[in-house]
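Let us take a friendly walk through this model, helix by helix and sheet by sheet. Keep the structure open beside you as you read.

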Amino acid sequence: MKEQDEMCHIYEADCRQEYGGEKVGWRKLPMGAVITEPGSAQRYTTGNWRAERAVWLEDKCIQCFFCWVHCPDNAIIAVDGQVRGIDYFFCKGCGICDQVCPVDAIYMIPESDIEATERTEVAPGDSIRSLEPDGVDAARKEGGQ
Amino acid sequence: MRVVAETANGAVAEAMRQIEPHVVAAYPITPQTEVVEEFAGYVSDGRVRTRFVPVESEHSAMSICVGASAAGARVITATSSQGLAYMWEMLYIASGNRLPIVMALVNRALSAPINIHCDHSDSMGARDSGWIQIYCRDAQEVYDTFIQALPIAEHEDVRLPVMVCYDGFIVSHSLARIEMMTDERVRDFIGSYKAIYPLLDRDHPVIYGPLVLYDYYMEFKRQQAEAMNRALEVVFEIGKRFGKISGRSYGLVSSYRMEDADIALAALSSTARTAEVIADELRDQGIRAGVISPRLFRPFPAKALLQALGGIKVLGVLDRADSIGAGMAPLAADIGAALQSAGSNIRLYNRVYGLGGRDLTLSDLKSFFLSLERAGQGKEMPAHFGYLGVRED
């Protein structure tokens, strides 16, 4: 076995950081694609897979939490028992939240309709994190329980 | 040491009792049934502490083996034919996750038409599944190899599953003289098992089976191929180490009277023993004939094979499985590739024989051997590919 320290643990986001932006070769990868760091998916962005974006309207939201329950990617941000928005770092744009929302407080818009400048601002998902980093982390913790 | 009269299936069940793995998950299928039946008896009699899982199918058997092995257990299973076919997708999960599961594969033909007798179409179909494959010529080799399979699979340079293949009925059900080692000696030889990434180690949590796409998948397959290549050396070392404690040493390729041979036959498993009889007979007539039998088939021991072939001119390769439409059956195709890569001038003739348990008669073998002899002298041009013992009318 290779020294564990020499090896990449999640072989995606972290690897690129550790190895100066380069993807690592097979000698540095853990045996059998085993991931040795739990919860590493938190740093794996799936937001850039999105073709359509879910937009949440705070004024219409009745806090029923249907979207939070159904979201397959924990991308509905909830803080202190309140839905607060959508985490575009993870939102893949599947539209399930739009389908289940009973009051049309969520709608989908194509990413291509979003101005490039605006997209840079919010995608690949850091905008909400940067706005409320603590809140998002707290929300993830809550969501995970 | 004990000398016993036992079938290969009984010997595997006994080896499993001596090994006492943590988990065995298996489903009975002819001709493997006795392995599971006898071992289940050891479990119910309290002779082993193994957790035996009587599953409802081979797909589940291999799934449980995968889960138990990932959890950190030493795991053994056994199957044949359709059972192996039913395990198919899980075979790749086992090898891709680098889980050192050991399997007794009692070779039997694949349906259709349905047939319970020996050929190698089951294991040959799984030859690219990333499992190490070792073929045994007789019951003694089965017992010895099954014990060696654990340290091979579990070697930290390898960590790959191993299939120990032997001929259904011909070897699995024939009573043979077998030398067995004491339980202590077997346990000393295999040592205790230490999993590398056990799921049950809660202080070091890990995730098995993540999604790996085009950006990393190929690196993991390359890594797996490297582990398989390293197995060549490991199988050799363990075969030698086994010799020190048992007096029966094993290499990668078995050869018989090859030192000065002009012509040779290559065959896997019990057929190699039959071919030795004919080689002796031809030697009595002044024809320098020999036999080689790759013990290891995956990884393919090309170098050891070329060495064993020495200075022969003509090689006949006997395959107990067809690769329908390929124009050359699996063993011959691999030997041919090894010869070609080495720039060898050895001429190769391939015959498929013994499908569905069809007997390979001594006279069939002899006439093939003799046609190789005539080919070597330029007196005959046999077809490069064909079938032995089939009615062609």
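## Helices, sheets and domains

In chain B, Asn9(B), Gly10(B), Val12(B), Ala13(B), Met16(B) and Arg17(B) of α1(B) meet Glu34(B), Val35(B), Glu38(B), Phe39(B) and Tyr42(B) of α2(B). Sorted by class, this contact has six nonpolar, two polar and three charged residues. The crossing of α1(B) past α2(B) is right-handed. Please keep in mind that everything described here comes from a predicted model.

Packed helix pairs are described by two values, the angle between the axes and the distance between the axes. Here are those values for three pairs in chain B.

| Helix pair | Axes come within | Crossing angle |
|---|---|---|
| α1 (8–19) and α2 (33–44) of chain B | 8 Å | roughly 35° |
| α6 (139–154) and α8 of chain B | 10 Å | roughly 130° |
| α9 and α12 of chain B | 10 Å | roughly 55° |

### The two domains of chain B

The domain assignment splits chain B into domain 1, residues 2–246, and domain 2, residues 253–387. Their C-alpha centres lie 28 Å apart. Where they touch, domain 1 of chain B contributes 28 residues and domain 2 of chain B contributes 20 residues.

Which elements of domain 1 of chain B give two or more residues to the side that touches domain 2 of chain B? They are α5 (121–125), β6 (132–135), β7 (162–167) and α8 (217–246) of chain B. Helix α8(B) gives the most to that side, with five residues. By class, the residues on this side of domain 1 of chain B are 17 nonpolar, six polar and five charged.

### The seven-stranded sheet and its helices

Strands β6(B) and β7(B) also belong to an open sheet of seven strands, ordered β3-β2-β4-β5-β7-β6-β12 in chain B, with mixed pairing. At its edges are β3 (51–54) and β12 (296–298) of chain B, each of which pairs on one side only. On average, neighbouring strands of this sheet are turned by 20° against each other, direction ignored.

Within the sheet, β6(B) and β7(B) run parallel and are joined by four bridges. If you would like one pair to look at, Ile134(B) has Val164(B) of β7(B) as its bridge partner. Helix α6(B) packs on the sheet and touches β5 (102–107), β6 and β7 of chain B, with its direction at about 170° to that of β7(B).

Helix α6(B) also meets α8(B), and their axes cross at roughly 130°. That angle makes α6(B) oblique to α8(B). The crossing is right-handed. On the α6(B) side the contact uses Asp144(B), Gln148(B), Pro151(B) and Ile152(B), while α8(B) brings Ala231(B), Val234(B), Val235(B), Ile238(B), Gly239(B), Phe242(B) and Ser246(B). Counted by class, the contact of α6(B) with α8(B) has seven nonpolar, three polar and one charged residues.

### The six-stranded sheet and its helices

Chain B also has an open sheet of six strands, in the order β9-β11-β10-β13-β14-β15, again with mixed pairing. Its edge strands are β9 (253–256) and β15 (385–387) of chain B, and each pairs on one side only. From one strand to the next, the twist averages 20°.

Strand β14 (347–352) of chain B runs parallel to β15(B), and three bridges join the two. Here the bridge partner of Val352(B) is Tyr387(B) in β15(B).

Two helices lie across strands of this sheet. Helix α9 (270–284) of chain B lies across β9, β10 (263–266), β11 (289–294) and β13 (314–319) of chain B, at about 165° to β11(B). Helix α12 (362–376) of chain B lies across β10, β11, β13 and β14 of chain B, at about 150° to β13(B).

How do α9(B) and α12(B) sit relative to each other: parallel or oblique? With axes crossing at roughly 55°, α9(B) and α12(B) are therefore oblique to each other. Their crossing is right-handed. The residues in contact are Thr274(B), Ala275(B), Val277(B), Ile278(B), Glu281(B) and Leu282(B) from α9(B), and Leu362(B), Leu365(B), Lys366(B) and Phe369(B) from α12(B). These divide into seven nonpolar, one polar and two charged residues.

### Where the chains meet

Finally, 13 residues of chain A are in contact with 19 residues of chain B. The chain A side of this contact has nine nonpolar, three polar and one charged residues.

Technical notes:
Residues are numbered from 1 along each chain as its sequence is written. Chains are lettered from A and ligands numbered from 1 in the order in which they are written. This is a predicted model: local features need pLDDT of at least 70, side-chain atom pairs count only at pLDDT 80 or more; totals for chains, interfaces and linings use all residues. Domain bounds come from an automatic or database domain assignment. Two residues are in contact if their C-beta atoms, placed from the backbone, lie within 7 Å. Ala, Val, Leu, Ile, Met, Phe, Trp, Tyr, Cys and Pro count as nonpolar, Asp, Glu, Lys and Arg as charged, and the others, Gly among them, as polar. Axes are lines fitted to C-alpha atoms, for helices over the stretch in contact, and angles run from 0 to 180 degrees between N-to-C directions. Angles under 35 degrees count as roughly parallel, over 145 as roughly antiparallel, 65 to 115 as roughly perpendicular and the rest as oblique. A crossing is left-handed if the near helix is turned anticlockwise from the far one by less than a right angle, and right-handed if clockwise. Two strands pair if DSSP finds at least two bridges between them.
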